[in-house]
Each structure stands twice: as structure tokens, then as C-alpha cells.
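Please open the structure in your viewer and keep the selection tool at hand. The stops below are meant to be taken in order, each with something to select and something to look for.

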Amino acid sequence: MDARAVGHRSTADEDVQAAGQELRGDGDGRAAEPKPEAGEDARADGPQPTAGEQPGTVTGRDARPVGPRTEGGEESAAGSRTDTDEHRSLAHSGIAKGEPPQPRPKEPGGGLLMGRPFGVPVYVAPSWFLVAALITWVFGGQLDRVLPELGAARYLVSLFFAVAFYASVLVHELAHTVAAIRFKLPVRRIQLQFFGGVSEIEKEAETPGREFVLAFVGPLLSLVLAGLFYLAMTPVEPDTVPGVLLAGLMVSNLIVAAFNLLPGLPLDGGRMLRAVVWKITGRPMSGTVAAAWVGRALAISVLVGLPLLNQSGALGGGNEDISGMDTVTDALLAAILAAIIWTGAGNSLRMARLREHLPELRARNLTRRAVPVENDTPLSEALRRANAAGARALVVVDADGSPLSLVREAAIVGVPEHRRPWVAVSGLAQELTDGMRVSAELAGEDLLDALRATPATEYLVVEQTGEIYGVLSAADVERAFVKAMARPTS
């Protein structure tokens, strides 16, 4: 039986692109529109200051901007990154010009939803149907040699085998899922795809011991299934349909277990090796790097060694049974498996290097300067104050200066320029919740976890004393994240 690679995957370590998508979204669970590209000529909205009026002068309560300060503690007039494209005023960002944000591509659903065991959605990817057809054809050919009397019905039996085999793969993945739930690690979904299945676990295990257990339970369950199929074979005649099916499922589960125990990422054995190196060195990244390089070596070994083993008869069968088509099939299978292992190992290595840069994602460095405005402030006046101060965010405060809500950029876009003098900022603001208040000291994974816990477009950044520091845009964090991904690794 052909080997099918199965295993679990941590989205925090291998599927980082989803992090940017999770960061975006408003408090109602709706996806937030990304901000338009900056670069247009600056133009302040609303009433312009007349002759003799000082720009930024307002009547009523003090409306000094809050936001990032220089290292000496002196407040910067245009934020902490006045020379970069990330920190422009509202006028420069295009929001004040009423330019609509670009639509965000829809996140793929993952295939056909089959159910939600333990509350985790299980999807069957379209590629699975191709594999099911391939297994049906290959296993049908083997049945024709063992049970020629079946005729065309052998393909129906082969299809049943393909479904039963992937049911075994699902049990393998459910073992990872149950262990993750036991360790209080969120599981995004299980997906059955071309070469097996993937359990997408959103966070890493906290200790190397838990990482080892989380990886080992999958192959362990495959071995248990192989044992159960072996026991079920004992009272069954071998040259019958049940006997052939049970033998095929026993062998296939043994192959799945053995293949996944190979010590290289992205296989389960690679995660077990990662846990061991992590335990020895005390650094999870060292474990990832070691297991990823072993995975690359394993990919080369599979590419070269699998066809040689098949031709030598070491994997079963004699040399006289090997035809030219079998040789081509073996080489193709080896190439596909090697490509999957090499790519998975490379992704794990790249994500490990990226994690070195995560501490650079600091809320304090990414925060925008903000202008405090009261509920009844016209939008045009609020934008004028922000542009005059070089700020890019609006915080609605009460008479005592306590923050009440944040004005969303997407809401500003929906107000035509001629209507802005008559629209109060309170009608465009999103009420602050506890999760939308983040500490200016957050950085790296702690910052990403805080933003994932409460999806929103903007967050109020506060000092440890409770003082307003500024506003953090999820889109700014996402851009910084993407830049870290694109940065060359050392």
C-alpha cells in the first residue's frame, strides 16, 4: 500500500499567514477592510483655518494629541515614525479623502465540511477525491490478482477501502486534536487532503513534554488500529473480500505510523525530535531548526531511496513483478513525498527564523498618535485637529478625558465629505471593550495573542498607569508582521 503522509501542524509555527487574517475584524465579528494605500497629496478635511487662526487651535477642552513619544520623553508632532510610510496623518492615509478601502480576499473554507467531532470542524479537501480515485484504481489492480472473480466489482471494494483508509487517517488526526484540547490548545480545523490529514493547532505546546505527547499520539493510534485490524483478520479467510480489506487496512496503518515516526519535520517524528532537542537545549527554536534540517535530509533520502527499495524487492514482491510502469509510479510517488517533506521542513525552518523577529513587534513602536475628541465633535473638525497634529487616530472621550470609544477608519470612509460637518464622531465610533485595551508593553506573541483574543480594527493602547498612549491598528501590525516574514534570515 502506498504511504500517505499524515501529521499535525501548528498554525502558530507553520501557517503564519493566517495570523494576519485573524488580526483583522471588528467587534461584531465582521472582517475589517484593509486601509487604502498611502501616498496621495495631503489635504485636510473639514473647515480650513481662516487667516489669523492658528492651525490646530480648538475651542473648549484641551485636545492635545496623544501617542508615541521620543526617547527623551518629548512628544513628537507626527508620531514615532515621521519618516516612514506607516505613520502618516489621516489626510495622507487617504481616509480623509473618502477613498474606499480595497476589498479583502475571502479566506478559503477548507473544502467539504464533514462534521464537528469534539467541536472541531473536519473538512475534506478537493484533492482527496483525486487520491480516492487513485487508491481505487491501484487497489483494484491488486484485487484483480488476488480475487479475479470479482470482475468490475473490485473497484467498488477498492473505493470502500479508500474511504476506510481515510477514516483511519481521521482517527490519527483526532488523536492529535484530543491531546491538544487536553492541553488547552485551540484547534482550528482538521483537513483531509492529498497525502493524508492535517490538524491545525493554533498555539504551540508550552513544554517539550507536551509537544512530544502531542506528536506521538497520532502514530500511536495508527499502531493501535493496525493491531485491531490484525486481530480482526484471525477468524477471516485470507482469500476473501473481508480478509483482503482487513489486511490492506492493517498494512496501510502500519505504513502511516512508521512513516510519521521518521524524525524530520513536518512529520510527527520531526516534532518529537524537536521536543527532545528543545528539552536538551532549553530553546524551542533550536529544536525546530534541528528537526527541519533532518526533514530536508529525509526528503532527499525518500527521493533516492524509495525507488531503490521497491526495485530491490525490500518492500515486498519480487524483482520479476516490477514493470516499467511500476518504476515510473515509484519514482513519481517518491518525488511527491520528497517535495511535501522538503517544503514542510523549509516552512518550519522559515517560521522558526521568523519567530526570532517576533519580539520586534512591539505595541509601543506600532501605535499611532491619537487626538481625543468629545462625543458631539463634528467629524470634519475632528479630522482637522488630527491632520493639524499629525495624528492618525481619533479617541472619543468624556468630559473628564476618559476614553469611551474609537472612531473606525472604515466608518469615516462611508461619510461623504460634504456631510462631515454635520456628522458627530460618536455615530462612527466603536465602544471600547476590555479586550480592546492593550498594554503599551505588549510585544511578540503576547501582542498577537491579545489581538487574536478580541478581533477588532483598532485598539486603545494604554500605559501601565492607565494613561492613553495612542491607538494601534490591526492593519499596522499585519504589515509589520509581513515585513518580518519577508526579511532575509541569518
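Begin by selecting Glu204, which counts as buried because its relative accessibility is 17%. Bear in mind throughout that this is a predicted model.

Now add Arg274 to the selection and display both side chains, which meet in a salt bridge with a distance of 3.0 Å from N to O. The two partners come from distant parts of the chain, 70 residues apart, with Arg274 in helix α8 (residues 268-281) and Glu204 in the loop between β5 (196-201) and α6. Arg274 is likewise classed as buried, at 2% relative accessibility.

Next, move to Arg368 and Glu409, whose side chains form another salt bridge, this one at 2.3 Å from N to O. Arg368 sits in the loop between α11 (363-366) and β6 (370-374), while Glu409 belongs to helix α13 (residues 409-413), so this pair ties together parts that lie 41 residues apart in sequence. Are these two residues buried or exposed? Arg368 is buried, with a relative accessible area of 2%, and Glu409 is buried as well, with 7%.

For a salt bridge inside a single helix, select Arg385 and Glu381, where the closest N and O atoms are 3.1 Å apart. Both residues are in helix α12 (residues 379-389), and because they are four residues apart there, about one helical turn separates them. Arg385 counts as buried at 13% relative accessibility, and so does Glu381 at 17%. Returning to the place where the tour began, you can select Glu204, Glu211, Arg271 and Arg274 together, since salt bridges with shared partners join these four into one network. In total, the count of salt bridges comes to 14.

Helix α6 (residues 208-233) is the next stop, and within this helix the residue to pick is Leu220. At 34% relative accessibility, Leu220 is considered partly exposed. If you draw a distance from the C-alpha of Leu220 to that of Ala175, the viewer should give 8.7 Å, although the two residues are 45 residues apart in sequence.

Then select helix α9 (residues 284-312) and look along its length. Its 29 residues should span 42 Å at 1.5 Å a residue, and the C-alpha atoms at its ends are 40 Å apart, which agrees. Where does α9 bend? The bend, of about 35°, is at Gly305, and a proline, Pro307, follows within four residues.

The last stops concern nonpolar side chains. The largest nonpolar core has 32 residues, and those with the most contacts inside it are Val395, Leu406, Leu451, Tyr459, Leu460 and Leu472. At least two residues of this core come from each of α10 (324-357), α11, β7 (393-397), α14 (444-453), β11 (458-462), β12 (468-473) and α15 (474-486). Of the contributors, α15 gives the most, with five residues.

To see this core from one of its members, centre the view on Leu406 and show its surroundings: beyond the neighbours within four places in sequence, its contacts include Leu394, Val395, Leu428, Met436, Tyr459, Leu460 and Val471. Finally, select Trp128, Phe139, Ala162 and Leu225, which are among the 25 residues of another core that lies apart from the one around Leu406.

How values were computed: Residues numbered from 1 in each chain as written. Predicted model: local features only at pLDDT ≥ 70, side-chain atom pairs only at ≥ 80, totals over all residues. Heavy atoms only, no water. Buried < 20%, exposed > 50% of the residue type's maximum accessible area, 1.4 Å probe, protein only. Expected span 1.5 Å × (residues − 1). Bend = angle between axes of the 7 residues up to and from the residue. Core = buried A, V, L, I, M, F, W, Y, C linked by side-chain atoms within 4.5 Å. Contact = heavy atoms within 4.5 Å.
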